[in-house]
Amino acid sequence: MSTKRTTPLRVAVLASGRGSNLQAIIDAIEAGQVEAKIVAVIGNKKDAVALERARKHGLPDLFVDPKPFAGRPDSREAYDRSLLDVLAKQDAELVLLAGYMRIVTGLLVNAYANRMMNIHPSLLPSFPGLEVQKKAIDWGCKLAGCTVHFVTEGVDEGPIILQAAVPILDRDTPDTLAARILEQEHKLYPRAVQLFAEGRLHVEGRRVFIDGGKTSGLALLSPS
Ligand code: GRF
């Protein structure tokens with residue numbers, strides 16, 4: 001499947017927290033490195049720093065409160081339906097999860113199949129979930145990293161687009177490792193968005209080919 005879209009690509013970002021990946025994407029767009037326009041930054045937490053960052057850059061920000069949906073048997077679907085309304089209104093072509101701390105339902109995943117990305121601070125499929133930098137250190141891994149992948153219903157399970165490897169040093173704590181991984185995240189996510197914008201990603205089953213397989217999706221880094 002080809003992923004070529006309009007120029008600039010219309011991107012929506014879902015975020016729950018500090019929004020440093022959102023910031024990296026905003027910066028890359030403003031620097032002309034990514035041909036995209038952020039048409040909505042949506043948060044499920046009112047005080048998410050990500051929403052502030054959006055406002056600072058004059059981007060449309062929206063807090064969608066999960067509370068009114070709580071208690072309903074279909075609370076997660078109902079919440080995602082309201083997100084879908086916003087995404088449709090904004091004509092979003094690509095949705096980015098950037099520190100979005102909610103599990104998305106099949107409703108959203110199917111509407112944006114191969115058009116929704118997530119970034120995760122491990123070399124998937126190792127260490128899905130939370131506190132993954134600590135898990136990688138405790139396991140004794142020599143290599144950690146980050147992964148940009150398309151989103152499917154399984155958490156952190158979708159087809160892998162790009163990965164960056166980050167060595168684990170003997171002196172690393174979860175925090176120092178997380179900081180070095182984050183530096184790479186900030187390079188990797190904009191790069192994935194630009195590849196999508198240029199229509200250079202092709203998904204076949206679980207595999208994502210870049211430029212028909214001529215470009216590698218791996219960034220290997222030296223220790224620092
Ligand atoms: C990042 O480490 C990302 O990989 C993970 O959540 C964190 C979000 O950080 N999914 P930020 O909100 O983008 O600063």
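Visitor: Which residues line the second largest pocket?

Guide: In this predicted model, the lining consists of I160, I161, R206, R207, V208, F209, I210, G213, T215 and G217.

Visitor: What makes a residue part of the lining of a pocket?

Guide: A lining residue has an atom within 4 Å of a grid point of the pocket. The residues just named, among them I160 and G217, line the second largest pocket, so each has an atom within that limit.

Visitor: Which elements give two or more residues to the lining of the second largest pocket?

Guide: They are β7 (160–167) and β9 (207–210). The greatest share comes from β9, with 4 residues.

Visitor: How many residues of each class are in the lining of the second largest pocket?

Guide: There are 5 nonpolar, 3 polar and 2 charged residues. Arg counts as charged, so R206 and R207 belong to that class. Gly counts as polar, so G213 and G217 are placed there.

Visitor: What is the volume of the second largest pocket?

Guide: About 160 Å³. For the largest pocket the figure is about 880 Å³.

Visitor: Which residues are the closest to the centre of the largest pocket?

Guide: G99, Y100, M101, I119 and L130, out of 35 lining residues. The elements with two or more residues in this lining are α1, β5, α5 (132–139) and α6 (174–197). The top contributor is α6, with 6 residues. By class, the lining of the largest pocket holds 16 nonpolar, 12 polar and 7 charged residues.

Visitor: What takes the space of the largest pocket?

Guide: The ligand does.

Visitor: How do you know that a molecule sits in a pocket?

Guide: More than half of its atoms must lie within 2 Å of the grid points of the pocket. The ligand occupies the largest pocket, so more than half of its atoms pass that test.

Visitor: Which residues are around the ligand?

Guide: R18, G19, S20, N21, G99, I119, H120, P121 and E185. The cut-off is a heavy atom within 4 Å, so each of these residues has one inside that distance. Two elements, α1 (20–30) and β5 (116–120), each provide at least two residues of this shell.

Visitor: How many residues of the shell around the ligand are nonpolar, polar and charged?

Guide: The count is 2 nonpolar, 5 polar and 2 charged. Ile and Pro count as nonpolar, so I119 and P121 make up that class. Arg and Glu count as charged, so R18 and E185 make up theirs.

Visitor: What makes a pair of atoms a polar contact?

Guide: Both must be N or O atoms, within 3.5 Å of each other. A polar side-chain atom of R18 is 2.5 Å from an oxygen atom of the ligand, so the pair qualifies. The side chain of S20 has an N or O atom 2.5 Å from a ligand oxygen, and for E185 the distance is 2.7 Å. These values are also under the limit, so both count as polar contacts.

Visitor: How much of the ligand does the protein bury?

Guide: The protein covers 85% of the 360 Å² that the ligand exposes when taken alone.

Visitor: Where is a cis peptide bond that joins T7 and P8, and what is its omega?

Guide: Omega is about -5° at this bond, and P8 lies in the segment before β1 (9–15). Another cis peptide bond, between L124 and P125, has an omega of about 10°. P125 belongs to the loop between β5 and α5.

Visitor: What is the phi of N114?

Guide: About 60°, a positive value in a residue that is not a glycine. N114 is in the loop between α4 (106–111) and β5. F127, not a glycine either, has a positive phi of about 55° and is in the loop between β5 and α5.

Note on methods. Residues numbered from 1 in each chain as written. Predicted model: local features only at pLDDT ≥ 70, side-chain atom pairs only at ≥ 80, totals over all residues. Heavy atoms only, no water. Polar contact = N/O pair within 3.5 Å; in protein donor to acceptor, adjacent residues only side chain to side chain. Areas by Shrake-Rupley, 256 points an atom, 1.4 Å probe, with all protein chains shown as cover. 1 Å grid on protein atoms, 1.4 Å probe; cavity = no way out; pocket = protein on both sides within 12 Å on 5 of 7 lines; lining within 4 Å. Points joined across faces, edges and corners; volume = space filled by probe spheres on them.
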